Amino acid sequence: MIKTGEREAKQTRHAGGSPGLDVARIREDFPILQLRRDGKPLVYLDNAATSQKPRQVIEALRNYYETQNANVHRAVHHLSQIATDAYEQARLKVKHFINSPLSCQVIFTRGATEGINLVAHSYGRQYVGPGDEVIVSAMEHHSNIVPWQMLCEEKGAALRVAPINDAGELIFEEFEKLLCRHTRLVAITHVSNALGTINPIRKIVEAAHRYCIPVLVDGAQSAPHLPINVQELDCDFFVCSGHKMFGPTGIGVLYGKAALLESMAPFLGGGDMILSVTFEKTTYNTLPYKFEAGTPHIEGVIGLGVAIDYLAEVGMDKIAAYEHELTEYGMQVLSDIGGVRMIGTSKEKAGVLSFTMDCAHPHDIGQVLDHEGIAIRAGHHCAQPVMQRFGVPATARASLAFYNTKEELDALGTALYRVKEVFE
Ligand code: C6P
């Protein structure tokens, strides 16, 4: 059992200060962060699952329904033009945010999962055949495994898995050995949701491009936390989810290189993705509309645009620097607690703190923390192969955002001592 004095000593680590970011001011923009549970302040550390929304995004959704609601690209009336303008303005904001060469390379999807499925269907069906190979890594989320498995099964192709080391880092030499003339695509995460590992995407892309192999980057966990420059990364596809980027749920982005997107058949058929339809033949619309069939998630797109404005105003460089500092602090807090095993200790690491405790199952940890007002995720995080790699059924995962503070990480540490008191 931890003695009170020891616990207090551990709690005093925080020296205050958050250079570059006025976190107290930022927190005022997020109404949900003011909630209390049984008198205790909400400590929200489940940002990898979904992020909280600033007032600006919430107000934009309300404003859309009160003053702009109409279908886009379909009518000449005033409201439809306002809605269409707002929708296309948001596309422009995404273009700048990820530094896409053209806004027509930005396709709105329901999220990272749909973006990957779109590429698996449209690129995969066209370019992957019997005997071909698709490479993923051992740290992928199920969303970046299952669509490729389904494709490989359908086509008689093989899924190859690049291994990771005990720190949760990609073993680059092993990855390179998998690249060959049969490889049709590399699909890899930018940041692991279960480990926090930041992959060396530029290096991975360079290696794959030596064999003329395109690379899809799953940016679900990087776009909210790191500056994204798809031209610098030189990736061929990039996907992300709006709800993890402080925007609404049900909206995401697929970026693709123009030549590839042009060459691919549509994913879904329906309204807006056509130029003309007869019973004999349909001609498809130009990019990006070819891949946006049906009425889109208009308010989701507009809300995502506002979330991106918010992030851009705070500054992605500042966010990344602050979260790096928080991550190091959190790692220290956790590693000071006896019986805690960190899962994911890569040198390049984002704000995902995955761990197990000798004394308690991750679900029990999650429950004790919940009673203390602290929200984390416990489970396999939709990354079961990662759990298998580390020989654990599940982990407890605290995942950070730029509105989190060192005080909240101290509260996490204190609550974990409480877990020890309960279960040891
Ligand atoms: N990870 C987590 O708690 P969607 O559901 O489409 O917005 O995102 C899927 C996805 C894809 N790739 C990575 C790396 C992810 O982390 C996620 C979502 C959440 O870790 C929910 S399972």
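A residue is taken as near the ligand if one of its heavy atoms lies within 4 Å of it. In this predicted model, the shell around the ligand holds 17 residues, and T113, D218, Q221, S241 and R377 come nearest among them. Sorted by character, the shell is made up of 5 nonpolar, 8 polar and 4 charged residues.

A look at individual atoms helps to place the ligand. Two of its polar contacts involve oxygen: an N or O atom in the side chain of Q221 is 2.7 Å from an oxygen atom of the ligand, and a polar side-chain atom of S241 also lies 2.7 Å from a ligand oxygen atom. On the nitrogen side, H141 places a polar side-chain atom 3.4 Å from a nitrogen atom of the ligand. The protein buries 87% of the 510 Å² that the ligand exposes when taken alone. The space occupied by the ligand is, in fact, the largest pocket.

It is useful to set this pocket against the domain layout. The protein is divided into domain 1, which covers 4–34 and 315–423, and domain 2, which covers 57–313. Domain 1 is thus assigned in two segments, whereas domain 2 is given as a single range. The C-alpha centres of the two domains lie 29 Å apart. Where they meet, 35 residues of domain 1 are in contact with 32 residues of domain 2.

Where, then, does the ligand lie with respect to domain 1 and domain 2? Both domains give residues to the shell around the ligand, so the ligand lies between them.

How values were computed. Residues are numbered from 1 along each chain as its sequence is written. This is a predicted model: local features need pLDDT of at least 70, side-chain atom pairs count only at pLDDT 80 or more; totals for chains, interfaces and linings use all residues. Side-chain values use heavy atoms; hydrogens and water are left out. A polar contact is a pair of N or O atoms within 3.5 Å; within protein, one must be able to donate a hydrogen and the other to accept it, and residues adjacent in sequence count only if both atoms are side-chain atoms. Accessible areas come from the Shrake-Rupley method with a 1.4 Å probe; for residues, only the protein chains shown count as cover. On a 1 Å grid over the protein atoms alone, a cavity is a set of points where a 1.4 Å probe fits but cannot get out, and a pocket is an open set with protein on both sides within 12 Å along at least five of seven lines; lining residues have an atom within 4 Å of a point. A molecule sits in a cavity or pocket if more than half of its atoms lie within 2 Å of its grid points. Ala, Val, Leu, Ile, Met, Phe, Trp, Tyr, Cys and Pro count as nonpolar, Asp, Glu, Lys and Arg as charged, and the others, Gly among them, as polar. Domain bounds come from an automatic or database domain assignment. Contact means heavy atoms within 4.5 Å.
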